[in-house]
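Reader: Hello! I am new to this structure and would love a close look at a single part of it. Could you walk me through one spot in some detail?

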Amino acid sequence: MRIIVKKIFLHVCWLLGLFHVSRYLMKDKLQILCYHGFETSDESSFRPNLFIKKETFSRRLALISKYEFPVLPLNDALDKLRHNNLPKNAIVITIDDGFDNVLNVSSDILQAYKYPATLYLTTYYAQKESPIFRLVVQYMFWKTNKQLVNFGDCIWNKHGDMSIDLSADDECDRVIWMCINYGENKCSEPERISICQQLGALLGVDYKELSESRILSLITMDEVKLLINKGFDVQLHTHRHAFPTDNESTAKKEIVDNRDVIGQVVDYPTKHFCYPSGVWSKTQWPWLERLGVESATTCLPGLNDSSTPMLALTRFLDGENISDIEFKAELFGFMELMRMLKKRMRTA
Ligand SMILES: [Zn+2]
């Protein structure tokens with residue numbers, strides 16, 4: 001109900017011309033858009049906030065083009081942001097993680113509009129070439145038609161006989177995280193693959209088919225080279241998609257390993273970073289500076305100006321869960337205006 005009211009409100013504001021007012025008011029700010037995966041099967045039904053359909057992404061770029069929002073390469077935009085000489089209503093397109101379908105789906109659409117994009121690549125699964133364990137587990141539990149499953153023989157279950165009613169969300173979540181935590185903390189990649197194969201057999205989801213479809217896999221390093229040839233800028237996102245806020249040496253290793261792998265396929269210094277899962281703290285800023293990282297993007301909403309810290313840049317996370325009118329409201333800075341008004345009202 002709330003969403004319907006919001007959409008009606010936004011449509012009315014659009015018809016009243018208020019989006020063009022907000023576009024004018026926000027003209028000097030930088031909008032950074034964030035995408036993750038692009039659907040080739042049923043990924044956007046599984047995770048609408050993580051994946052977007054090809055048609056939806058095409059509509060987004062068509063809208064940007066129709067209303068002539070300038071799309072800049074990240075490095076260029078940040079340089080202009082520092083020197084206060086951005087073109088009006090500038091936009092940067094970023095893509096996180098490096099899902100396999102970035103190459104097959106998004107690159108052609110971006111090329112059709114001649115829009116540059118930065119890929120923040122996490123490299124562990126790009127090298128392993130197996131699907132992302134955590135997502136596979138979650139996907140299988142989402143995909144299964146089974147209702148009552150006994151996980152008694154699973155290595156990650158320490159409770160013996162464990163018959164679970166998968167229609168009970170809390171129970172299902174508990175089992176999912178028991179499996180993920182065990183696999184991520186105690187297993188090698190081949191052991192994690194064995195867990196997925198057994199889980200697939202129990203849940204009636206074909207792991208081999210899922211693995212071969214690559215819908216939950218990252219791009220391979222050979223494919224990263226193809227993306228670079230298509231003009232993509234590839235930047236840092238840690239090796240294992242983790243950047244602890246309380247351990248500098250582990251955090252540093254994540255960037256060093258990530259940079260080493262990316263360095264094998266790019267011929268420029270990687271100095272732009274994206275916090276994995278948007279988790280960050282100011283305590284990490286000196287670590288990043290010592291590693292020569294000049295900018296870092298978060299998952300916080302908002303537009304950026306010259307007062308925004310370079311290591312806490314804000315972005316709009318777009319996905320299949322965002323309607324056309326909501327995207328338009330973000331694009332024209334209308335949502336930013338609403339956020340500013342809300343903040344001011346709260347302060348008052
Ligand atoms: Zn990520």
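Author: Happy to; here is a walk to the zinc site, with a stop at a glutamine and a glance at the whole chain. Please keep in mind that this is a predicted model.

Let us start with the metal. The zinc ion is held by Asp97 through OD, and by His237 and His241, each through NE2, at 2.0 to 2.2 Å. Along the sequence these donors follow the pattern D-x139-H-x3-H. The two histidines sit in unlike surroundings: His237 has a relative accessible area of 1%, so it is buried, while His241 reaches 29% and therefore counts as partly exposed.

Now to Gln284. You will find this residue in the loop that runs between β9 (272-274) and α14 (285-290). Gln284 has 0% relative accessibility and so counts as buried. Its side chain reaches two backbone atoms: the oxygen of Pro244 at 3.2 Å, and the nitrogen of Ser281 at 2.8 Å. Setting aside neighbours within four places in sequence, Gln284 also has contacts with other residues, among them Phe243, Thr245, Tyr275 and Val279.

Finally, step back to the protein chain around these spots. It contains 16 helices and 11 strands, and 53% of its 348 residues count as buried. A compact globule with 348 residues would have a radius of gyration near 20 Å, so the 21 Å of this chain agrees with that. Its C-alpha trace spans about 60 × 50 × 45 Å along the principal axes. Of the contacts with a separation of 6 or more, 70% join residues 24 or more positions apart.

Key
Residues numbered from 1 in each chain as written. Predicted model: local features only at pLDDT ≥ 70, side-chain atom pairs only at ≥ 80, totals over all residues. Heavy atoms only, no water. Donors = N, O, S within 2.8 Å, 3.2 Å for Na, K, Ca; no water. Buried < 20%, exposed > 50% of the residue type's maximum accessible area, 1.4 Å probe, protein only. Helix = DSSP H or I, 4+ residues; strand = E, 2+ residues; numbered from the N terminus. Polar contact = N/O pair within 3.5 Å; in protein donor to acceptor, adjacent residues only side chain to side chain. Contact = heavy atoms within 4.5 Å. Rg over C-alpha atoms; globule rule 2.2 N^0.38 Å.
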